[in-house]
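Dear colleague,

Please find below the structure that I am handing over to you. My notes on what was found in it follow directly after.

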Amino acid sequence: MQRRSLLQRSSFALAAALASAAVAPAAHAQAPATPTVLRVSAIPDEAPTELQRKFKPLGEYLQQATGLPVQFTPVTDYAAVVEGLATQKIDLAWLGGFTFVQARLRTNGQAVPIVQRAEDEVFTSRFIVPADSKAQSLADLKGRTFVFGAPSSTSGSLMPRFFLQQAGIEPERDFKTVAYSGAHDATVAFVAAGRAEAGVLNASVWDKLVEQKNPNAAKVRVLATTPTYYDYNWTVRPGLDAALTKKLADAFLKLDPANPQHKEILALQRASKFIPTKSSNYDGIESAGRSAGLIK
């Protein structure tokens with residue numbers, strides 16, 4: 001899948017609004033500090049049906065916590081989420097570390113990360129190969145076909161690329177071909193089907209696929225795991241009411257695995273708990289993006 005087509009594919013209902021905003025941004029009034037509907041979205045790092053399934057109980061919980069109806073809008077590319085926050089058409093978004101950095105730059109630092117999973121302090125990515133591959137190290141992948149996730153994915157593209165470069169491997173130079181699957185589960189499907197001889201995805205999705213006995217995961221194996229880095233967070237748009245922002249942060253922080261309702265929400269989010277986060281946690285991601293030439 002080509003980088004250009006991935007970055008330019010339109011989102012669903014949100015895309016039309018974002019497109020019109022790009023044509024005539026001055027025509028759109030600033031969103032109210034306190035919305036009447038909480039508009040939520042997420043980077044499309046998994047299949048849309050899976051994102052909807054994961055969000056449903058969380059959305060109901062946030063509705064109870066804020067008193068606002070919650071509307072989840074799926075999108076088909078990462079750029080649409082960044083634009084949605086920047087143009088204030090999304091109030092709350094689930095972002096990867098690199099997507100947050102893009103949103104921070106796009107909004108001149110006004111997009112605010114409020115919480116992350118405890119697991120996101122020590123996040124990793126997994127390099128995978130077919131189960132019968134003779135590769136024993138990253139160096140063995142030179143000359144082979146390779147698939148990343150989405151170009152703007154922290155754990156499926158940016159950080160794995162950064163660590164490959166630290167290991168002396170320049171993807172476009174050293175791999176036979178470089179492709180982009182668009183999502184973590186799609187990367188596993190690519191490698192399982194023989195469409196690539198190796199790939200990389202985030203450890204959380206990999207572990208979930210293994211636990212679910214996904215047939216594609218059964219056809220591949222982990223070759224290597226990256227060092228740790230900060231990744232995902234929940235971010236609010238510029239100008240969102242401070243009291244509502246606090247309600248949202250408190251709602252996430254109150255999720256308790258001892259509560260059956262909360263346990264289901266946390267399990268779907270693959271979180272042991274949520275913890276506060278801050279913008280500076282993602283400075284290392286920005287440095288990696290600049291080093292890789294993905295941020296100018």
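Tryptophan 94 counts as buried, because its relative accessibility is 6% and the limit for buried is under 20%. Please bear in mind that this is a predicted model. Tyrosine 232 has a relative accessibility of 3%, and therefore counts as buried too.

These two residues belong to the aromatic pairs, of which a search of the whole structure finds 16. The ring centres of tryptophan 94 and tyrosine 232 lie 5.0 Å apart and the ring planes meet at 5°, so this pair is stacked; the planes of a stacked pair are under 30 degrees apart. Tryptophan 94 belongs to strand 3 (residues 92-95), whereas tyrosine 232 sits in the loop between strand 9 (220-225) and strand 10 (233-236), so the pair ties together parts that are 138 residues apart in sequence.

A further stacked pair is formed by phenylalanine 148 and tyrosine 180, with 5.8 Å from centre to centre and 25° between the planes. Phenylalanine 148 is in strand 6 (residues 145-148) and tyrosine 180 in strand 7 (residues 177-180); with their positions 32 residues apart, the pair links distant parts of the chain. Both phenylalanine 148 and tyrosine 180 are buried.

Which residues do ring pairs link into a cluster? The cluster consists of Phe55, Phe72, Trp94, Phe123, Phe162, Phe163, Tyr229, Tyr232, Trp234, Phe252 and Phe274. Trp94 and Tyr232, the stacked pair described above, are thus among the members of this cluster.

One aromatic ring has a charged partner: arginine 195 lies over the face of phenylalanine 190, at 3.9 Å from the ring centre.

I turn next to two helices. Helix 8 (residues 184-192) packs against helix 9 (residues 203-211) at an angle of about 65°, and their axes are 9 Å apart. The crossing of helix 8 and helix 9 is right-handed. On the side of helix 8, the residues that meet helix 9 are His184, Asp185 and Val188; on the side of helix 9, they are Val205, Trp206 and Leu209. By type, the residues of this contact divide into four nonpolar, one polar and one charged.

Serine 133 also deserves a note. Serine 133 is found in the loop between strand 5 (125-130) and strand 6. Is serine 133 buried or exposed? Its relative accessibility is 13%, so serine 133 counts as buried. Leaving aside neighbours within four places in sequence, serine 133 is in contact with Arg144 and Arg221. Serine 133 and valine 220 are 87 residues apart in sequence, while their C-alpha atoms are 8.6 Å apart in space.

Finally, two residues other than glycine have a positive phi. For lysine 213, phi is near 55°. Lysine 213 lies in the loop between helix 9 and strand 9, and counts as exposed because its relative accessibility is 71%. For arginine 270, phi is likewise near 55°. Arginine 270 has its place in the loop between helix 11 (260-268) and strand 11 (274-276). With a relative accessibility of 24%, arginine 270 counts as partly exposed.

Yours sincerely

Methods:
Residues are numbered from 1 along each chain as its sequence is written. This is a predicted model: local features need pLDDT of at least 70, side-chain atom pairs count only at pLDDT 80 or more; totals for chains, interfaces and linings use all residues. Side-chain values use heavy atoms; hydrogens and water are left out. Rings of Phe, Tyr and Trp (its six-membered ring) pair if their centres lie within 6.5 Å; planes under 30 degrees apart count as stacked, over 60 as edge-to-face and the rest as tilted. Helices (H or I, at least four residues) and strands (E, at least two) are DSSP runs, numbered from the N terminus. Buried means under 20% relative accessible area, exposed over 50%, partly exposed in between (1.4 Å probe, protein chains only). A charge sits over a ring if NZ of Lys or CZ of Arg is within 6 Å of the ring centre and within 35 degrees of the ring normal. Axes are lines fitted to C-alpha atoms, for helices over the stretch in contact, and angles run from 0 to 180 degrees between N-to-C directions. A crossing is left-handed if the near helix is turned anticlockwise from the far one by less than a right angle, and right-handed if clockwise. Contact means heavy atoms within 4.5 Å. Ala, Val, Leu, Ile, Met, Phe, Trp, Tyr, Cys and Pro count as nonpolar, Asp, Glu, Lys and Arg as charged, and the others, Gly among them, as polar.
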